[in-house]
Amino acid sequence: MKGGLTRRVLVASGLLAVIIAIGFAVLLTSVAVDSRLQRHARRSEEVLVVANRLERSIVDMETGQRGFLLTGSADFLQPWQSARAAFPADSATLRRLVANVSPQQVARARWIEQAGTSYLRDYSIPLVEAARRDRAAVNTLAATEEGKRRVDAIRSQFDRLLAAEDTMAADRQRLAAVADSRAVAGAVAGLAGSVALIALFAGYLATRIVQPVRRVAGMACRLAGGDLGARVQEGGTGEIAALQHGFNSMASALQDNRQELVASRTRIVAAADRERRRIERDLHDGIQQRLVSLVLELRAVEADTPPEAPQFREQLADIAQGLGEAQDELRELSRGIHPAILSEGGLGPALKALARRSPVPVELDVEVPDRLSEQVEVAAYFIVSEALANTVKHARASVAWVKARVEDTRLHLSVRDDGVGGAQVGHGSGLIGLRDRVQALDGTLAVISSPGDGTTLTAELPTVDR
Ligand SMILES: Nc1ncnc2c1ncn2[C@@H]1O[C@H](COP(=O)(O)OP(=O)(O)OP(=O)(O)O)[C@@H](O)[C@H]1O
Ligand SMILES: [Mg+2]
């Protein structure tokens, strides 16, 4: 299925994954930048501490040495000694700390190390040794001037080194701020993109999948309820299009089958009615007429019989009466097969004849056009006929009401009695036959019959030929 839903769902999920991955990548990069900057900041702090310690060592050496030169007291040499001992290790640490930072800082650290070493080796140690030997021989003023110059030079190098560290710290702060704002922007963009895509995707799912499936489900309910004209609008995507098309094909097939079924049932009922009418005509025109002429002939023979043969005359009269009764029975029989009065006079007179012949009194209320289609007249006649026959047979009723009306394009029939009730379709062949007949005409039939409450049979038939 080209362009199926599965592919679209996969594409949307992939897109979502890419947006989320980009958002996380931006965040991770910023975190990495942050931790690098923090490492540098820690190193900077260490540089600050070591540089300050070194500077203090230089100052301690200078003041200790000067105090000793001026006073000759060995107490002043104590800080000089400790600063001298600590200097090599601290200057090496400083050089290591700035090793990978910048060539200028490395050069400054190296300069400080060399200048400090030279201060000790070339100036301070020889001066202290000389003063120890003979303090008076040492030109104190010139020596302290020289010491001050050297220390000032070293201290200004310390200032430059620390100022450079400050500048780098400021740069780092700026970089951190940029990385932070980039992380926030990345996170916001990722979040907004994800939310927008999820909203779009949810909307797509709702309009392209959920709603069409719901519509198909609604139509399936209508179909199950008997509305075979229920169809869904096609035009969905992928599998939904297949579902809509499948549903419509299924509904069309069902509708066609039902139409064929109704048509064939109608044809069967019409064929049976035609056959009944033919039999009724054959009986009427053939055997009934033959019986009539036989009775007439018998009456003539009876009239010609001499009065001396009364017994023979009586026998002839009995035969004529028997023939007359057979004629009546035959007429009754042919009426049950197909009432001639229906073909000749229409539904109104036929129903009147039915009511007249019923052993249970019938109140008639019939307002129908003179003629309806033959199928409808026959069906209506047999409905009333079977309902009245049931009233007589089963209802123990005192009266029955028959009502027939045509409203719009439908014939409404009802037959009601005040009998014992309890009628059930399917307990005999009469009511079932009626239902088949009514359904063949696309009509409806209902029987309401609670025990003790009489029975009402209603039927509706379309009067327009389909
Ligand atoms: N008006 C009625 N009052 C009471 N019971 C009825 C009435 N009409 C039908 N019934 C009950 O419903 C059953 C079904 O009626 P239905 O006409 O289908 O069959 P039937 O009359 O028994 O037989 P058939 O019509 O085939 O001669 C009847 O057997 C009867 O028990
Ligand atoms: Mg019956």
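**View 1. The shell around ligand 1, sorted by residue class.** In this predicted model, the residues that surround ligand 1 fall into three classes, with 12 polar, 5 nonpolar and 2 charged residues in the shell. Of the 19 residues around the ligand, those that come nearest are Asn390, Ala395, Ala423, Gly428 and Gly430. Two elements, helix α9 (374-395) and helix α10 (430-440), each give two or more residues to this shell, and the largest share, 5 residues, comes from α9.

**View 2. The largest nonpolar core.** In soluble globular proteins, nonpolar side chains tend to be buried together. Here the largest nonpolar core has 36 residues, and those with the most contacts inside it are Ala379, Ala380, Tyr381, Ile383, Val384, Leu411 and Leu461. At least two residues of this core are supplied by each of α8 (347-357), α9, β2 (400-407), β3 (410-417), α10 and β5 (455-462), while the largest share, 11 residues, again belongs to α9.

**View 3. Tyrosine 381 and a second core.** When residues up to four places away in sequence are not counted, tyrosine 381 touches Pro339, Leu342, Leu347 and Ala350. A second, separate core has 19 residues, including Ile58, Trp80, Leu97 and Ile112.

**View 4. Serine 35 in helix α1.** Serine 35 has its place in helix α1, which covers residues 5-71, and this serine counts as exposed because it has 10 C-beta neighbours inside 10 Å, where the cut-off for an exposed residue is 12 or fewer. Although serine 35 and alanine 176 are 141 residues apart in sequence, their C-alpha atoms are 9.6 Å apart in space.

Note on methods:
Residues are numbered from 1 along each chain as its sequence is written. Chains are lettered from A and ligands numbered from 1 in the order in which they are written. This is a predicted model: local features need pLDDT of at least 70, side-chain atom pairs count only at pLDDT 80 or more; totals for chains, interfaces and linings use all residues. Helices (H or I, at least four residues) and strands (E, at least two) are DSSP runs, numbered from the N terminus. A residue is buried if 20 or more other C-beta atoms lie within 10 Å of its own, exposed if 12 or fewer, and partly exposed in between; C-beta atoms are placed from the backbone. A residue is near a molecule or strand if its C-beta atom, placed from the backbone, lies within 6 Å of it. Ala, Val, Leu, Ile, Met, Phe, Trp, Tyr, Cys and Pro count as nonpolar, Asp, Glu, Lys and Arg as charged, and the others, Gly among them, as polar. A nonpolar core is a set of buried Ala, Val, Leu, Ile, Met, Phe, Trp, Tyr and Cys residues joined through C-beta atoms within 7 Å. Two residues are in contact if their C-beta atoms, placed from the backbone, lie within 7 Å.
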